[in-house]
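Hi everyone, thanks for coming. Have a look at the sequence and the model on the screen, and I'll walk you through a few places in it.

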Amino acid sequence: MERLPRETFLEIVSFLDFETRFQFAYTCKNWHEIISEYNLYETVYIDKDDPQGPLFFFTKYKKLGKTVRSLEVNSKAKFKDIKQWPDYFPNLYNFSLTASEVDMFSSDFEDSDQDEEDEDEDEDEDDDEDALFFKTSDTFQAWKRLESLSEFTTCIYTASILMSGHYPNLTSIDLNFNIVPDEWSDSVMDHLLTGLMNTPCLKYFKLIVAKLTLKKLDVLHHNAPSIEALILEDCSLGHDDDDNLTTPSPALELIPVHRLKRLEMQGSRNSFYENEEISIPTWLHYIARNYPGIEVLKMNQFTPASIEYESDLVNILHHCNQLKTFNVDLCYLSANVLQAFDQTAIQLEKYSSQSQDLTELRHLSLSRQRHSIYRVDLVVPIGNTDLIEILSQFTGLTTINTYPSSDIDYALGKPLRVPINRFLKQHKKVEFLSLSSCELYMDLEEEETAAAAVVVESVLDTLEMEKVTIESQLVFDFIARTCLVLKVMILSARLLFNEEIEKKIVLNFNQHEFVYLKVFLEGYDRIELIEEKKTRWYKRLKEDGDNEKVKFIEQEEAIKSNHLFIQVKHVERIVFNLPRNPFKLFI
């Protein structure tokens, strides 16, 4: 065993319970040194399968409890037990009560130990909500070294911890209110915000499914002025009730929070609760007024995008001139909003739209942001549009991803025409290209102009052409000739016919080494594949009834009739079968 690598030994020991680890440490001098050096008691997990096991061990070996730095609990715990944990583990840096169930109403809530004189046993806990949920305990003062707190319980016990002492090293708090009863939520939040006065160095604060108002937000910043990142996920943003709000001072006046650098607000359409008068512009005005030094702003899924919030977003951009990342889906990217963008240090990197309306994309292509955008995700518009010309204005695109239009739009409308040779030459940096529901053709004038010029090879790595129409064999030839580093290609296409089907279509990629190749060409039921000088033949099975599956099987005899010819240098995986024929609606 002495020859066992140290890393292997540590991996094995990590699966053992604490009692067995302790025994290992006294098996030999070498193991004792390893276990002591790496402090294999540093992290303690208490779960529902054995909630008492770790506590029994550290009761027996109290000295080892002082070496524990992280306590992660995922089990039902009673209040009296939680208050004892600082005695077991006095030197914690990280405490997590995530996804635990704390039964505060159980008979064990009241301590049965007669010698505990720090609690008033005569309190009527059933009538006094504060006494029931927010008692303090001197035991938590042992956790002065705490750096992070995380909790997901019915009553957010973090409030009691914060009210019990001073935590100069606490920098991160992550709380989930999802299972906190509605009738307790406001009171829990008030006590929590008061407790933040004991966290002078708090940098990161995250709330999930909590109720928050602007006045409570003022209290938050007043009591924890060092916060640099504020994350509000699925929170309800409501009106202020002065009668129920606990404020540190009647004359609370909040000055701009210059230290806040990151604000993320993830919501839903129900995020504004209990008050129809609460408005998104009110919150946007609050951001513009109070967060002048913010660098990252994300605010998503609160309401469908509307131009009515344009002036509010422009106001934020004017006042928060340190912004570098801006991800807010409340308003369309109008010309005014983009003009405000161009006056800041913000550089948009991605653009996504599920609409066939190109107005927003057109505005973007005329702003300075067109040089920083590297990815676009679009629905392919049907008909004669200027999408190709708009995209040509973007100089840094590396990913162009298009979603297919609906079958009805594709069947009734005229597909978008894409000159594949001009398109690839316009976007020389593109590594991922997905073209859907469009018609690919060759711009012959472009080819004649470029005939005397040096051909620039594309850096395209992945090419997806789904539910497309191919005008001629020249499209395949151009792709094979210019996209020499292509590793992934997905093709489901049909050809434009001049009354007669082509006798043979050739996909000659004899210089390519594919990782993945998926091919379906409507009307071609036989395939000849040549890879590394080996030839295989495939034949499509005829399906009965309305079965939409496309299935090919390999056959031994050579193909002599009209077929699809594919030649590759090497392919790791090739697919001809499809769950359904993408063109069945149009045949």
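**Strands, pockets and rings**

Let's start with one pairing: the bridge partner of N94 in strand 6 is S148. Before going on, a word on the source: this is a predicted model, where local features need pLDDT of at least 70 and side-chain atom pairs count only at pLDDT 80 or more, while totals for chains, interfaces and linings use all residues. Residues are numbered from 1 along each chain as its sequence is written, and side-chain values use heavy atoms, with hydrogens and water left out.

When I say helix or strand, I mean DSSP runs numbered from the N terminus, with helices being H or I of at least four residues and strands being E of at least two. Two strands pair if DSSP finds at least two bridges between them.

So, back to strand 6, residues 148-151. On one side, strand 4 (residues 94-97) pairs with strand 6 in the parallel sense over four bridges. Strand 6 also pairs with strand 7 (residues 172-176), again parallel and over four bridges, and there L149 stands opposite I173. To get from strand 6 to strand 7 the chain passes through helix 9 (residues 158-163), in a right-handed β-α-β crossover. Right-handed here means that, with the strands pointing away from the viewer, the path from the first strand over the helix to the second runs clockwise.

Which way do the side chains of strand 6 point? S148 and S150 point one way, L149 and E151 the other way, and all are buried. Buried is under 20% relative accessible area, exposed is over 50%, and partly exposed is in between, with a 1.4 Å probe and protein chains only.

Now further along the chain, to strand 16, residues 375-379. Four of its five residues are buried, so strand 16 is largely enclosed by the rest of the structure. Strand 15 (residues 350-352) pairs with strand 16 in the parallel sense over three bridges, with K350 opposite R375. Together with helix 15 (residues 359-365), strands 15 and 16 make a right-handed β-α-β unit. Strand 16 also pairs with strand 17 (residues 399-403), parallel over five bridges, and V376 has I400 as its bridge partner there.

Next, the empty space. Rolling a probe the size of a water molecule over the atoms shows where such space is left. The search uses a 1 Å grid over the protein atoms alone: a cavity is a set of points where a 1.4 Å probe fits but cannot get out, a pocket is an open set with protein on both sides within 12 Å along at least five of seven lines, and lining residues have an atom within 4 Å of a point. Points are joined across faces, edges and corners, and a volume is the space filled by probe spheres set on them.

How much space lies in the largest pocket? About 1100 Å³. Its lining has 34 residues, and N327, V328, D329, Y351 and S352 lie nearest the centre. Strand 14 gives the most to that lining, with four residues. The lining divides into 14 nonpolar, 12 polar and eight charged residues. For that split, Ala, Val, Leu, Ile, Met, Phe, Trp, Tyr, Cys and Pro count as nonpolar, Asp, Glu, Lys and Arg as charged, and the others, Gly among them, as polar.

There are also four cavities of 30 Å³ or more in the whole structure. The second largest has a volume of about 60 Å³. Helix 16 (387-391) gives the most to its lining, with three residues, and the lining is made of nine nonpolar, two polar and no charged residues.

Last, the rings. Phe, Tyr and Trp rings (the six-membered one for Trp) pair if their centres lie within 6.5 Å; planes under 30 degrees apart are stacked, over 60 edge-to-face, and the rest tilted. The structure holds 13 aromatic pairs. One of them is Y538 with F576, edge-to-face at 4.9 Å centre to centre and 65° between the planes. This pair links distant parts of the chain, 38 residues apart: Y538 is in strand 26 (residues 534-540), F576 in the segment after strand 29 (574-575). Y538 is buried at 9% relative accessible area, and F576 is buried at 6%. Elsewhere, F57, F58, Y61, Y88 and F89 form one aromatic cluster.

That's my tour, and I'm happy to go back to any stop.
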